[in-house]
Amino acid sequence: MAVSLPPTLGLSSAPDEIQHPHIKFSEWKFKLFRVRSFEKAPENAQAEKQDSSEGKPSLEQSPAALDKAGGPKPALTQVALKPHTKFLKKSHDDGKARDKAIHQANLRHLCRICGNSLQADRHHRRYPVHGPVDGKTQVLLRKKEKRATSWPDLIAKVFRIDVKADVDSIHPTEFCHNCWSLMHRKFSSAPCEVYSPRNAAMEWHPHTPSCDICDAARRGLKRKSRPPNSQLSKRLRTVIDQARQARRCKRRTRDRISSKELMKKIANCGKIHLSTRLLAVDFPARFVKSISCQICEHILADPVETNCKHVFCRICILRCLKVMGSYCPSCRYPCFPTDLESPVKSFLSILNSLMVKCPAEECDEEVSLEKYNHHVSSHKESKETFVHINKGGRPRQHLLSLTRRAQKHRLRELKMQVKAFADKEEGGDVKSVCLTLFLLALRARNEHRQADELEAIMKGRGSGLQPAVCLAIRVNTFLSCSQYHKMYRTVKAITGRQIFQPLHALRSAEKVLLPGYHPFEWQPPLKNVSSSTDVGIIDGLSGLASSVDDYPVDTIAKRFRYDAALVSALMDMEEDILEGMRAQELDDYLHGPFTVVVKESCDGMGDVSEKHGSGPAVPEKAVRFSFTVMKISIAHGSQNVKVFEEAKPNSELCCKPLCLMLADESDHETLTAILSPLIAEREAMKSSELMLEMGGILRTFKFIFRGTGYDEKLVREVEGLEASGSVYICTLCDATRLEASQNLVFHSITRSHAENLERYEVWRSNPYHETVEELRDRVKGVSAKPFIETVPSIDALHCDIGNAAEFYKIFQLEIGEVYKNPNASKEERKRWQATLDKHLRKKMNLKPIMRMNGNFARKLMTKETVEAVCELIPSQERHEALRELMDLYLKMKPVWRSSCPAQECPESLCQYSFNSQRFAELLSTKFKYRYEGKITNYFHKTLAHVPEIIERDGSIGAWASEGNESGNKLFRRFRKMNARQSKYYEMEDVLKHHWLYTSKYLQKFMNAHNALKDSGFTLNSQGGLGASLDLEDSPELQDSMEF
């Protein structure tokens, strides 16, 4: 092609100048522009168009210049202009940025939730994904008493989509009206004709060359691809990339520094916040950064935490949000003033305990940050001190943390405006205007409970009781739903005050206290146990099909999952655990591991038949499996520090029910089917650690299970031993009844769960081909498979009852003088018993009973009872023997009954071996007619095994089953309270209310009431509830007013 160049721009010199490394960018860019922008001839326009259609125009393909029309065409070699690397890279980056901008523009027309186009809506209704909800939704949430105030919370709750981590270049920022209608249908009961176009959440991906969103926006047009520049070497491209990254980092650093300086100017808190240079200790830089504000870089003052877990001073973050927009200054995450929350208590305690130097020149003291205000108040004349409180100058801290004088100064202008409005509109009633403003603020933030209390105070009705207090009243007074609702309506109708909360408020309070509410995790995960945490009451027969095949079981069983119940019990004791750590001078932020010792109890409740109810024919006997958290310790250094110990381990208030079943405790197959899943969960928890958030910190818990709360009958049942009438008298050792009578004292504990399992295998397989008697002697009375691991111990309660029954028999035999005439008839023995019962009723007010119980045993085993019985015995020698026998027993009894014998009865503990030997000597000499060749089970355990158990466990009484026994009467009362037509739901209600009865959180309200009652607290006649209702005449309120 013929070209004509100006003399100043020769073709031979232009490329060399462009490629020269020392020529400035502006010079060669200008020359290049001149070369490419020469005038084109009209005749060559079509030729240029054809040339451009063959390929993309580039510096290599375009001519240097075009001659005028009709000019000569000298033969001239076309010189290709080589492009510069920076120019090509910049063009490529511009193309990328343009594609991303187009992609982001296309995202603005799509719904974040369903992915449909927003332009399909004729009314152009669209809603922002981030930000507060609109007015209509806010009104609906207030009616439903929901606390969500922003769209991200509602979207996460309805669609299970987390939009808080969205990026504008990947995710749309708005959603459509159809998804808005779905959220309204979720929270309103009105029917709404909307549909969800998707079953699963829409997935959004970053922009790629084959992006579906951009392809759809181009209506099927194919993206034009640019050929890569093959002339740039790999080394040159690497150098260019590194230079570009360095420029970007430098630009970002500069922007970050300028943004941080701008935020410091906005906060302007240099005169009111303490600098980190005032810290008395030279802490590491990371620690100093964690306790300093990320805006002003001072020590945190009135700290608040955002949703993205960044911590700022309250004044600093509020000022920055107001000026720079609703996003976190650290990570640009969406943030609003309503999202600010106070950090966890452990962080605040660490922050307040920091030692700072007093900035006053004349003072060299170091004080904690918590006491800094009080210390600085003594330096009134010093100008160097940074005072947190407001002395009338610029606002320096949050309003609530100021003095009354500083609050008046800050709110002076607002107070004048409110006063002017009240004088003009409300007749000068400033108080009503302020309370109304406060009420509207609470309603706007969906804090309806506090708003209702304030509104009640404004109307002169006073605030009602909290739902937890009302729940404690209902559970502890055993009120049914109808009884409580009748009381609620009566009180509200007569007084006009909502003192008690409605039933739906009580059900909301129940959820927090019942198992299945708190999230947790096991490390490693429990074997054969579901990882879900929201598990409430489940069917106790769930493990029946896999345990027993084709066994007809007519029973009803309800239970909690063992791990969920333990978590709920630990969270119920959260305040006690943290208080114990403070009492031991331990830091609140210690995460463990905590060691939790759990006592397990299981016992039959006998006949619980009721006339009401329908359903299948089930046994009218019940069994309850429960547990008690005995103590909690934490590993601190090289020792374990005890932070909690149950003060009353035998109380029904701490014995938490785990499983209730209508079954007979002697039915081995049914017990195995129902309790086997519980035992499997317990075995899985032994080798795992619980991860539970307590006090805002994730803590670790390990569990130790001790099955000691079983009576003699149930121990033999679950350990596979023969019944109590067996030749093998003891569940702790292998002694026979004859061996135990010949040697009353010297025995040791030999049985264990593992040994019983081995003996069962021997009994089942008979590997030595022995006869029945030989095999029975080898396995020492094991005849069934053990399925619950128990700790060899003595049940103190049943030990007392069994020994009292034996003393009752001795009294009868002494009245009939059996030591003289051992061959008395049956009629004579009945006459001795009648004489004893009549005399005890006359002297000791003891009514005859059919079967020995705990109350009769406690009254019978006294010195007064022995003196009364001696009146019926003529021999003085027998008087002395009976008195000595009872005296020795009463000296030994506190050792196995007390929770800590080493502290409560150290003398009896030291003399126990002597007293037990003397007691055994009396039985074998003075009362030989009764104990020659035989001995009772509990006498044998009392004399032979008590010292060994005390040495091993430290106590016998604390590990007894008395708490589980005390719960029997609670079962009957709760069953009467929750009488329903279906026994299935009845058992659920009984289990639920029995669990709530043992809640330590609810017990605190009862303890507070008892303290007020003991101190003589009474309500006056004007404000008192009893005076206004005349409750003594209301039979349906008698139980509640007892509370």
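This text walks through confidence, nonpolar cores and aromatic contacts in one chain.

The model is predicted. Mean pLDDT for the chain is 78. Of its residues, 79% reach 70 or more. Among the elements, helix α22 has the highest mean pLDDT, at 94. Helix α44, residues 1038-1042, has the lowest, at 35.

Two stretches deserve caution. Over residues 220-225, pLDDT stays under 50. The model has 8 contacts for residues 220-225 beyond four places in sequence. Residues 387-395 also have pLDDT below 50. That stretch has 27 contacts in the model beyond near neighbours in sequence.

Turn now to the interior. The largest nonpolar core holds 94 residues. Tyr562, Leu570, Phe627, Ile632 and Phe703 touch the most other members. Helix α22, residues 562-572, supplies the largest share of this core, with 8 residues. This is the helix with the highest mean pLDDT among the elements of the chain.

Leucine 570 shows how one of these core residues is surrounded. Leaving out residues up to four places away in sequence, Leu570 touches Ile577, Val596 and Ile632. Its list continues with Leu690, Leu692, Met694, Phe701 and Phe703. Both Ile632 and Phe703 are also among the residues that touch the most other core members.

A second core is separate from the one above and has 57 residues. Leu732, Leu836, Ala881 and Ile949 are among them.

Aromatic rings add another layer. The whole structure contains 26 aromatic pairs. One of them joins phenylalanine 807 and tyrosine 889. Their centres are 5.4 Å apart, with 55 degrees between the planes. The pair counts as tilted. Phenylalanine 807 sits in helix α29, residues 796-815, and tyrosine 889 in helix α33, residues 876-897, so the pair ties together parts that are 82 residues apart in sequence. Phenylalanine 807 is buried, at 1% relative accessible area. Tyrosine 889 is buried too, with a relative accessible area of 1%.

Rings also gather in a group. Trp522, Phe560, Tyr562, Phe627, Phe703, Phe705 and Trp995 form one aromatic cluster. Tyr562, Phe627 and Phe703 appeared earlier, among the residues touching the most other members of the largest core.

Finally, consider a charge over rings. Which rings does arginine 878 lie over? One is tyrosine 819: arginine 878 lies over its face, 4.4 Å from the ring centre. Another is phenylalanine 927: here the charged end of arginine 878 sits 5.2 Å from the ring's centre.

Definitions and conventions:
Residues are numbered from 1 along each chain as its sequence is written. This is a predicted model: local features need pLDDT of at least 70, side-chain atom pairs count only at pLDDT 80 or more; totals for chains, interfaces and linings use all residues. Side-chain values use heavy atoms; hydrogens and water are left out. A nonpolar core is a set of buried Ala, Val, Leu, Ile, Met, Phe, Trp, Tyr and Cys residues joined through side-chain atoms within 4.5 Å. Buried means under 20% relative accessible area, exposed over 50%, partly exposed in between (1.4 Å probe, protein chains only). Helices (H or I, at least four residues) and strands (E, at least two) are DSSP runs, numbered from the N terminus. Contact means heavy atoms within 4.5 Å. pLDDT is the predictor's confidence in each residue, from 0 to 100. Rings of Phe, Tyr and Trp (its six-membered ring) pair if their centres lie within 6.5 Å; planes under 30 degrees apart count as stacked, over 60 as edge-to-face and the rest as tilted. A charge sits over a ring if NZ of Lys or CZ of Arg is within 6 Å of the ring centre and within 35 degrees of the ring normal.
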